[in-house]
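Biologist: I would like to learn how to read a model of this kind, feature by feature. Where should we begin?

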Amino acid sequence: MIFFVLLLVAMFLALVLQHFIPPLPVVGSRVLLMPIVMFYGALALPTPGMLVLAFCGGIMWDALHVQIIKGNVEIALGWSIVLYATLGALMGGFRPLFQRGRWEIHCLLSGVCTSMIVLSEYLMITFRREPVVFLFNKEIWWRIGGAGLVAVLLSPFFFFTLNYLAFLVGYDTQPARNIKRSR
């Protein structure tokens with residue numbers, strides 16, 4: 001329970017911190033920290049904990065990103081809860097690897113899932129505007145992919161730090177690895 005609360009606090013702090021980080025100069029993509037913490041939680045926690053974390057993370061994300069322009073809701077409250085739960089379930093599918101101490105695929109998957117969040121926001125805004133015009137130029141692809149690339153680069157640091165916090169509070173994130181050692 002202590003580790004779950006620490007993850008919630010880390011998600012909130014990451015969400016606040018990411019708003020003070022400017023977009024990357026050349027490509028214009030945002031640095032998204034909160035999804036990295038959420039994806040780590042999807043690996044470290046069992047499925048019910050991951051779903052509660054996705055719910056809380058979705059509420060926090062939507063509270064800052066709900067977008068209403070001229071009376072039209074472009075980004076609705078609650079959409080990211082479903083998105084985070086889906087992406088968290090995808091990450092949770094690779095949890096057995098994480099429990100055995102394998103982090104490589106999860107760092108790459110964090111980048112892919114972060115890009116999916118940005119792509120989902122873009123598609124939601126595009127669908128809600130009249131007329132629907134999909135414009136996928138180089139700048140938009142860099143904004144979508146750039147956020148994922150930054151997540152791939154930052155996720156090992158976040159995963160290591162959060163794993164160390166789990167160790168400090170006595171939460172075992174890799175029980176399969178520890179069973180092997182005791183034999």
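Biologist: How many helices and strands does the chain have?

Modeller: This is a predicted model. The chain contains eight helices and two strands. Read from the N terminus, the order of elements is α-α-α-β-β-α-α-α-α-α.

Biologist: What radius of gyration does the chain have, and what would a compact globule have?

Modeller: The chain has 17 Å, and a compact globule of 183 residues would be near 16 Å, so the two agree. The C-alpha trace spans about 65 × 30 × 30 Å along its principal axes. Of the contacts with a separation of 6 or more, 71% are between residues 24 or more positions apart.

Biologist: What share of the residues is buried?

Modeller: Buried residues make up 45% of the 183. In soluble globular proteins, nonpolar side chains tend to be buried together. Here the largest nonpolar core has 51 residues.

Biologist: Which members of that core touch the most other members?

Modeller: They are Leu7, Val37, Met38, Tyr40 and Trp61. At least two core residues come from each of α1 (2-18), α2 (34-44), α3 (47-65), α4 (79-92), α6 (104-128) and α7 (138-169).

Biologist: Which residues does Tyr40 touch, leaving out those up to four places away in sequence?

Modeller: Tyr40 touches Phe3, Leu7, Phe98, Phe159, Leu162, Asn163, Ala166 and Thr173. With Asn163 there is also a polar contact of 2.7 Å between the side chains.

Biologist: Is Asn163 buried or exposed?

Modeller: Asn163, which is found in helix α7, has a relative accessible area of 16% and therefore counts as buried, the cut-off being under 20%. Beyond four places in sequence, Asn163 touches Tyr40, Phe98, Trp103, Thr173 and Gln174.

Biologist: How does the span of α7 relate to the expected value?

Modeller: The 32 residues of α7 reach 45 Å from first C-alpha to last, close to the 46 Å expected at 1.5 Å a residue. End-to-end span is one reading; local bending is another. In α7 a kink of about 40° lies at Leu154, shortly before the proline Pro156.

Biologist: What is found at the two ends of α7?

Modeller: At the N-terminal end, Asn137 acts as the cap, with a side-chain oxygen 3.2 Å from the backbone nitrogen of Glu139. Just after α7, Gly170 takes a positive phi of about 85°.

Biologist: Next, a charged side chain. Is Glu121 buried or exposed?

Modeller: Glu121 belongs to helix α6. Its relative accessibility is 8%, so Glu121 counts as buried. The next step is to look for its partners.

Biologist: Which residues are in contact with Glu121, apart from neighbours within four places in sequence?

Modeller: Glu121 is in contact with Arg30, Trp61 and Trp79. The side chains of Glu121 and Arg30 are joined by a polar contact of 2.7 Å. Trp61 is also one of the core residues that touch the most other members.

Biologist: What lies 2.8 Å from the backbone oxygen of Tyr122?

Modeller: A general point comes before the case. An α-helix has 3.6 residues a turn, so residues three or four places apart point the same way. Here, a polar atom of the Thr126 side chain lies 2.8 Å from the backbone oxygen of Tyr122. Thr126 lies in helix α6 and is buried, with a relative accessible area of 7%.

Notes:
Residues numbered from 1 in each chain as written. Predicted model: local features only at pLDDT ≥ 70, side-chain atom pairs only at ≥ 80, totals over all residues. Heavy atoms only, no water. Core = buried A, V, L, I, M, F, W, Y, C linked by side-chain atoms within 4.5 Å. Buried < 20%, exposed > 50% of the residue type's maximum accessible area, 1.4 Å probe, protein only. Helix = DSSP H or I, 4+ residues; strand = E, 2+ residues; numbered from the N terminus. Contact = heavy atoms within 4.5 Å. Polar contact = N/O pair within 3.5 Å; in protein donor to acceptor, adjacent residues only side chain to side chain. Expected span 1.5 Å × (residues − 1). Bend = angle between axes of the 7 residues up to and from the residue. Rg over C-alpha atoms; globule rule 2.2 N^0.38 Å.
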